[in-house]
Amino acid sequence: MTKNQFIDKTVASFEIENCNKDKISKQLDVYKDFLQKQNSVMNLTRLDGDDVIWSKYFWQSMMVYRMVDFDSVKTLLDVGSGSGIPGIVIKLFFPNIKLTIVEASHKKCEFMKQLVDKLHLINVEVICQRIEQTSTSRQFDLVTAKAVAPVETILELTVPFGKSDGLIVIPKGKNFLSEVKDLNKELKQLSAQLLLVDHINDDGLDFYTIIAKKTGKTNSKYPRDYKKIIKGFDYGK
């Protein structure tokens, strides 16, 4: 996949109108060049080769959000964005979104802050902090996080930050099915409900996206300290 193919496919998939493709193209060049330069010393991603960066790093980070109507999203929280995926890429295609990124790694935060400056983005805040130590006083239309931990852990870390009627979106690999036995029970405890699990196959690989909706105010005890979270969900204990 080339850069232009990635842009065209994203615009078509999300039905983006009045898209400034020339501006996005230039921003993506800056993103790609800076990522590759910094990756050589910071180990940000293994997907930095010219042959995979458009098809895997950028496209596969976007395609799992195909069920989201980003035109209705005003505020987005991206938890553990790492090197800016997916938050900054979403921001390039939907520049009116106010983006907040919470990332625990200082070196990755510094990378993203420099990237935001290089891309001349506005309404982007990078917070260098663990998400469970972040105040839930700010609520968002959409909260997302890569599922690098069990789904129940990610849910407890993300649902409390959603607005009422807001969306929680968690991309997950094929093994997520073994983790969702008590998903509805946990979501109810967190004041949310499962809307759907989307499936997409790309380049022979299966990708799943868990989409939940916030139904009310989450108990203020969530998210708990991470040491408690990893011991399992408490279901009201």
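**Note on the predicted model**

1. Helix α3, residues 53–63, is mostly covered, with 10 of its 11 residues buried. This is a predicted model. The buried set in α3 consists of Ile53, Trp54, Ser55, Tyr57, Phe58, Trp59, Gln60, Ser61, Met62 and Met63. Which elements provide the cover? They include the helices α1, α2 and α4, together with the strands β6 (192–202) and β7.

2. On the overall fold, the chain contains eight helices and seven strands. Its radius of gyration is 17 Å, close to the 18 Å expected from the globule rule for 237 residues, so the chain is as compact as a globular protein of that length. Along the principal axes, the C-alpha atoms fill a box of roughly 50 × 35 × 30 Å.

3. On burial and contacts, 53% of the 237 residues in the chain are buried. Of the contacts between residues at least 6 apart in sequence, 67% join residues at least 24 apart.

4. On surface and charge, the chain exposes about 11,800 Å², and carbon and sulfur atoms supply 46% of that area. The chain carries 35 positive and 30 negative charges, and the mean positions of the two sets are 6 Å apart.

5. How many disulfides does the structure hold? The count is zero. A disulfide is a covalent bond between the sulfur atoms of two cysteines. For Cys128, the closest cysteine sulfur is that of Cys109, at 3.2 Å, which is too far for a bond; the cut-off for a disulfide is 2.5 Å. A colleague checking this pair should find Cys128 partly exposed, at 27% relative accessibility. Cys19 is also partly exposed, and its relative accessible area is 22%.

6. Two peptide bonds deserve a remark, given that most peptide bonds are trans. The bond from Ile85 to Pro86 is cis, with omega near 0 degrees. Pro86 sits in the loop that runs between β1 (75–79) and α4 (87–93). The bond from Tyr222 to Pro223 is cis as well, with omega near -5 degrees. Pro223 belongs to the loop between β7 (205–214) and α8 (226–229).

7. Backbone phi is the next item, since most residues other than glycine have a negative phi. Asn18, which is not a glycine, has a positive phi near 55 degrees. Where is Asn18 placed? Asn18 lies in the loop between α1 (3–13) and α2 (21–42). With a relative accessibility of 81%, Asn18 counts as exposed.

8. His120 likewise has a positive phi, of about 55 degrees, without being a glycine. The loop that holds His120 lies between α5 (106–119) and β3 (124–128). Is His120 buried or exposed? His120 is exposed, at a relative accessible area of 69%.

9. Some of these items share elements. Helices α1 and α2 are among the cover of the buried residues of α3, and the loop between α1 and α2 contains Asn18. Helix α4 is also part of that cover, and the loop between β1 and α4 contains Pro86. Strand β7 is another part of the cover, and the loop between β7 and α8 contains Pro223.

How values were computed: Residues numbered from 1 in each chain as written. Predicted model: local features only at pLDDT ≥ 70, side-chain atom pairs only at ≥ 80, totals over all residues. Heavy atoms only, no water. Buried < 20%, exposed > 50% of the residue type's maximum accessible area, 1.4 Å probe, protein only. Helix = DSSP H or I, 4+ residues; strand = E, 2+ residues; numbered from the N terminus. Rg over C-alpha atoms; globule rule 2.2 N^0.38 Å. Contact = heavy atoms within 4.5 Å. Areas by Shrake-Rupley, 256 points an atom, 1.4 Å probe, with all protein chains shown as cover. Lys, Arg positive; Asp, Glu negative; His and termini not counted. Charge placed at Lys NZ, Arg CZ, Asp CG, Glu CD.
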